[in-house]
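Reader: Hello! I am new to this structure and would love a close look at the place where the ligand sits. Could you then walk me outward from there?

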Amino acid sequence: INDLGNDIEKVLVSEEQIAARLVELAAAIDEDYKDKDILLVGVLKGAVMVMADLARALHSPVTMDWMAVSSYGSGTKSSGVVRILKDLDTDLTDRHVLIVEDIIDSGLTLSWLIQNLRTRGAATVEICTMLRKPEAVKVDIDVRYVGFDVPNEFVIGYGLDYAEKYRNVPFVATLAQHVYS
Ligand code: PRP
Ligand code: MN
Ligand code: MG
């Protein structure tokens, strides 16, 4: 049968680890935003899973909006030049924005996005990402909430794709060699 499991090499973060970490992150966010209404901004498409799960783990009132961006670049590396494919529907004036991402890799997408959202008059702009790669640490962005630091390997699952596939794998994993050949 056509089972995604056949394409998995190694599980890096399990479903259980993700769920447990989300409870911790949500508790920290609830505490930090005690008297504030949060606007969660999910970055399509990778952030759909973490957005859905984080939102339900929170006790704080939230509204949710989405952006789709595309970073121009050669192959798999993003260049830092970002184009908005779908903008927010929400006016950010005086809002407490929490950007939700699945992964920060080079950090170029987010450093552009955070600047862009800050110019729109938001009261605060913070970042929550489920995964962070080592390269991201080199870029000077302050990431308030991080689920897991992962090694510099190509990972899929929990929203992350390879050629648009594997987003629905419920854990974070590396792919078997045969997938690439
Ligand atoms: C991936 C990922 C992040 C971004 C991180 O999105 O979901 O949004 O790349 O890369 P960076 O830190 O190097 O900028 P992608 O552009 O693949 O779109 P997708 O979410 O639709 O898969
Ligand atoms: Mn993405
Ligand atoms: Mg992608």
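Author: Happy to help; we begin at the ligand and then move out to strands, a helix and some loops. Please keep in mind that this is a predicted model.

Let us start with the surroundings of ligand 1. There are 15 residues around ligand 1, and the closest are E101, D102, S106, G107 and T109. Three of these make short approaches to oxygen atoms of the ligand. In S106, an N or O atom of the side chain is 2.5 Å from an oxygen atom of ligand 1. With G107 the backbone takes part: one of its N or O atoms lies 2.7 Å from an oxygen atom of ligand 1. T109 uses a polar side-chain atom, which lies 2.4 Å from an oxygen atom of ligand 1. How much of the ligand does the protein cover? On its own, ligand 1 has 500 Å² of accessible area, and the protein covers 78% of that.

Which elements give two or more residues to this shell? They are the strand β5, residues 96-104, and the helix α3, residues 108-118. The largest share comes from β5, with 4 residues. Sorted by class, the shell has 6 charged, 5 polar and 4 nonpolar residues.

From β5 we can step across to a partner strand. β5 and β2 run parallel and are joined by 5 bridges. Within this pairing, G42 stands opposite V100 in β5. If you would like a general picture of such pairing, strands of a sheet pair through backbone hydrogen bonds, either parallel or antiparallel. Is β2 mostly covered or mostly open? This strand, residues 38-44, is mostly covered, with 6 of its 7 residues buried.

Just past β2 there is a detail worth a look. The peptide bond from L44 to K45 is cis, with omega near -5 degrees. As a general rule, most residues other than glycine have a negative phi, and most peptide bonds are trans. K45 itself is in the loop between β2 and α2.

That loop brings us to helix α2. In this helix, residues 48-57, the buried residues include V50, M51, L54 and A55. Why do these four lie on the same side of α2? They are on the same side because they cover an arc of only 125 degrees around the axis. After the helix, S60 is found in the loop between α2 and β3, the latter being residues 62-72. S60 counts as buried because its relative accessible area is 13%, and buried means under 20%. Its side chain makes a polar contact of 2.5 Å with the side chain of D30.

Now for another sheet. It is an open sheet of 3 strands in the order β1-β9-β8, with antiparallel pairing. Which strands stand at its edges? They are β1, residues 8-13, and β8, residues 155-156; each has a single partner strand, so one side of each is left without a neighbour in the sheet. Between β8 and β9, residues 172-175, there are 2 bridges, and the two strands run antiparallel. One pairing to find on the model is V155 with its bridge partner T174 in β9.

The loop between β8 and β9 holds Y158 and also A163. Y158 is not a glycine, and yet its phi is positive, about 50 degrees. A163, also not a glycine, likewise has a positive phi of about 50 degrees. Are they buried or exposed? Y158 counts as buried, at 6% relative accessibility, whereas A163 counts as exposed, at 65%.

Two more loops complete the walk. P134 is in the loop between β6, residues 124-132, and β7, residues 145-149. With 40% relative accessibility, P134 counts as partly exposed. Although P134 and V150 are 16 residues apart along the chain, their C-alpha atoms are separated by 7.3 Å. In the loop between α3 and β6 you will find A122, which is buried with a relative accessible area of 17%. A122 and E164 are 42 residues apart in sequence, and from C-alpha to C-alpha they are 32 Å apart in space.

Definitions and conventions:
Residues are numbered from 1 along each chain as its sequence is written. Chains are lettered from A and ligands numbered from 1 in the order in which they are written. This is a predicted model: local features need pLDDT of at least 70, side-chain atom pairs count only at pLDDT 80 or more; totals for chains, interfaces and linings use all residues. Side-chain values use heavy atoms; hydrogens and water are left out. A residue is near a molecule or strand if one of its heavy atoms lies within 4 Å of it. A polar contact is a pair of N or O atoms within 3.5 Å; within protein, one must be able to donate a hydrogen and the other to accept it, and residues adjacent in sequence count only if both atoms are side-chain atoms. Accessible areas come from the Shrake-Rupley method with a 1.4 Å probe; for residues, only the protein chains shown count as cover. Ala, Val, Leu, Ile, Met, Phe, Trp, Tyr, Cys and Pro count as nonpolar, Asp, Glu, Lys and Arg as charged, and the others, Gly among them, as polar. Buried means under 20% relative accessible area, exposed over 50%, partly exposed in between (1.4 Å probe, protein chains only). The arc is that of the directions from the helix axis to the C-beta atoms. Two strands pair if DSSP finds at least two bridges between them.
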